[in-house]
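This briefing is meant for a reader who has not met the structure before. Please look over the sequence and the model, then read on by topic.

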Amino acid sequence: MEERDDYKFLKLRDAISCLNQRVNLVGVVLELGLPKKSKGTDFFISLKIADESYSDPGISVNFFAESVEKLPVVASPGDIILLSHVVMKTHEREVYAFFNKKFSSFALYEGLSGGDFVPYQVSARFRTRELDKKFIADLRKWLTGFQLNTDPNDFQFLREIKEGQRLSLICKILHICEVAEKEWIIYVWDGTDAPSKKIQTKMTDEMDNPLPLQLEKEPLPRDVLCTFPSAGSVLMVVLGEGNKNLGLGFLKTGIWLNFLNIICEVHAGLWRGVLMPFTKLRYVPREFRYVLGCQRCYEERLSEKWGRMPWSCFPSPSTVTEVDHDRAPLVTLRDVLSYSEENFFDGRPSTSVLKRRMNKLLGLNEDDDSKGTEYTERDPPWVFCCLKSYYLNEGDVWGSRRYRIFDTKLVG
């Protein structure tokens with residue numbers, strides 16, 4: 001194989017004609033898969049890179065290494081990678097670059113957000129050069145006007161998700177946390193409301209094991225919840241079984257990402273997303289039309305009187321409850337959790353009337369007479385209620401904070 005000059009970086013458009021040759025490339029990481037174990041003893045990851053000469057569809061770069069730590073850990077799709085001595089190959093008529101761990105090397109730099117030319121990850125054998133700065137500066141400049149060449153119909157909103165299907169979601173990363181060693185959770189949002197799901201359970205089981213309010217083991221701290229948007233579903237995303245023990249700490253909060261081929265499933269009536277071995281993470285420009293549309297719709301939603309109402313309960317929620325403060329503003333539970341000030345059911349109905357009303361509130365069929373001992377399908381309604389907040393300990397105002405329903409009647 002012919003070895004090219006170390007100081008010559010090829011445009012991607014030119015590199016695709018250099019089959020079986022070692023070349024040097026520089027590009028923006030548009031897409032990355034999750035690291036996985038290869039069929040042998042190595043670990044593998046595939047990135048897709050682009051430059052101004054070949055932005056659609058870009059070129060895949062396949063990496064193999066003895067450990068996950070030696071693979072490129074891209075801090076965010078949209079960052080820049082310099083590659084030395086990768087080999088151009090072809091598979092099923094698709095040209096790609098192969099990173100050979102014996103002689104190839106790489107360096108990763110921040111994309112648009114970068115203010116310097118210092119790589120945040122460098123592989124063995126990579127030598128930085130003064131000329132690298134020009135390549136990086138040129139790509140950052142190109143990125144400022146870059147737009148994805150995609151059809152908005154290729155994506156789904158959270159309001160459109162379905163169980164078990166491969167979905168392409170564009171969402172904002174609100175928070176990332178490691179709940180146990182190498183067990184990560186990502187919280188994502190797009191301003192829309194995920195569909196309500198019916199619950200199948202035995203009511204008698206819920207006496208000892210009530211349905212969870214969240215799928216994670218511990219609720220998020222209040223200071224984190226206060227940073228979340230007031231309305232719109234927040235989807236918890238986890239690693240699937242095939243990706244266990246692989247970290248997600250490289251992702252950044254506040255960025256928008258395209259989760260390609262993510263699977264959504266329901267547990268105890270709550271949605272969660274699962275990153276599978278075939279899931280890809282794609283770069284989304286900050287000024288992408290789809291993202292701007294999501295943000296604009298959310299702002300319009302907050303400006304409307306009933307905008308915080310979940311879309312699945314339009315035109316109005318259930319009439320099973322009635323409140324005494326009908327002029328109070330409509331807020332969400334996330335509004336309540338972040339509200340800094342303090343501000344149940346009453347009456348004495350007959351046992352049969354109370355049972356009928358409670359069944360309606362719990363989403364049970366009015367004719368249900370199983371006494372909660374059989375599996376039944378419940379569809380709890382959205383309702384209005386008034387909440388009062390108070391604390392139990394003056395020394396721990398927020399840690400001991402409690403909420404109580406008040407001035408709300410169960411009318412059915």
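Is Arg272 buried, partly exposed or exposed? Arg272 is partly exposed, with a relative accessible area of 24%. The model is a predicted one. The points below cover salt bridges, aromatic rings, surface patches and backbone geometry.

**Salt bridges**

- The structure holds 13 salt bridges. Three of the pairs are described here, with the distances given from N to O.
- Arg272 takes part in a salt bridge with Glu265, and the two side chains are 2.7 Å apart, N to O. Glu265 is partly exposed at 24% relative accessibility.
- Arg282 and Glu31 form a salt bridge through their side chains, at 2.6 Å from N to O. Arg282 belongs to strand 15 (residues 280–283) and Glu31 to strand 1, so this pair ties together parts that lie 251 residues apart in sequence.
- Within that pair, Arg282 is partly exposed at 29% relative accessibility. Glu31 has 12% relative accessibility and counts as buried, because buried means under 20%.
- Asp138 and Lys134 are joined by a salt bridge of 2.9 Å, N to O. Both residues lie in helix 2 (residues 132–143), and they are 4 residues apart, about one turn of the helix.
- Asp138 has a relative accessibility of 37% and counts as partly exposed.

**Aromatic rings**

- The count of aromatic pairs comes to 16. In one of them, the rings of Phe9 and Phe135 have their centres 4.9 Å apart and their planes at 50 degrees, so the pair is tilted.
- Phe9 is in the segment before helix 1 and Phe135 is in helix 2, so the pair ties together parts that are 126 residues apart in sequence.
- Phe9 counts as buried at 13% relative accessibility. Phe135 also counts as buried, at 19% relative accessibility.
- Another tilted aromatic pair is formed by Tyr187 and Phe228, with 6.2 Å from centre to centre and 45 degrees between the planes. This pair links distant parts of the chain, 41 residues apart: Tyr187 is in strand 10 (residues 183–189), and Phe228 is in the loop between helix 4 (222–225) and strand 12 (234–239).
- Tyr187 and Phe228 are both buried.
- One aromatic cluster is formed by Phe155, Phe157, Phe288 and Tyr290.

**Surface patches**

- A patch of negative charge on the surface gathers Glu322, Asp324, Asp326 and Asp407.
- Asp326, one of the residues of this patch, sits in the loop between strand 16 (321–323) and helix 6 (333–338). With 65% relative accessibility, Asp326 counts as exposed, because exposed means over 50%.
- Trp306, Trp311 and Phe314 make a nonpolar surface patch of about 310 Å².
- Phe314 is placed in the loop between helix 5 (289–303) and strand 16. Its relative accessible area is 43%, so Phe314 is partly exposed.

**Backbone geometry**

- Most residues other than glycine have a negative phi, and most peptide bonds are trans. The residues below depart from these patterns in the values listed for them.
- Asp56 and Pro57 are joined by a cis peptide bond, with omega about 10 degrees. Pro57 is in the loop between strand 3 (43–50) and strand 4 (59–65).
- Asn20 is not a glycine, yet its phi is positive, at about 65 degrees. Asn20 is located in the loop between helix 1 (12–15) and strand 1 (22–33). Asn20 is partly exposed, with a relative accessible area of 46%.
- Ala268, also a residue other than glycine, has a positive phi near 50 degrees. Ala268 lies in the loop between strand 13 (256–267) and strand 14 (270–275). The relative accessible area of Ala268 is 35%, so this residue is partly exposed.

Conventions: Residues are numbered from 1 along each chain as its sequence is written. This is a predicted model: local features need pLDDT of at least 70, side-chain atom pairs count only at pLDDT 80 or more; totals for chains, interfaces and linings use all residues. Side-chain values use heavy atoms; hydrogens and water are left out. Helices (H or I, at least four residues) and strands (E, at least two) are DSSP runs, numbered from the N terminus. Buried means under 20% relative accessible area, exposed over 50%, partly exposed in between (1.4 Å probe, protein chains only). Patches are made of residues with over 30% relative accessible area and no salt bridge: like charges are joined within 9 Å, nonpolar side chains (Val, Leu, Ile, Met, Phe, Trp, Tyr) within 5 Å. Accessible areas come from the Shrake-Rupley method with a 1.4 Å probe; for residues, only the protein chains shown count as cover. A salt bridge is a side-chain nitrogen of Lys or Arg within 4 Å of a carboxyl oxygen of Asp or Glu. Lys and Arg count as positive and Asp and Glu as negative; His and the chain ends are not counted. The place of a charge is taken as NZ of Lys, CZ of Arg, CG of Asp or CD of Glu. Rings of Phe, Tyr and Trp (its six-membered ring) pair if their centres lie within 6.5 Å; planes under 30 degrees apart count as stacked, over 60 as edge-to-face and the rest as tilted.
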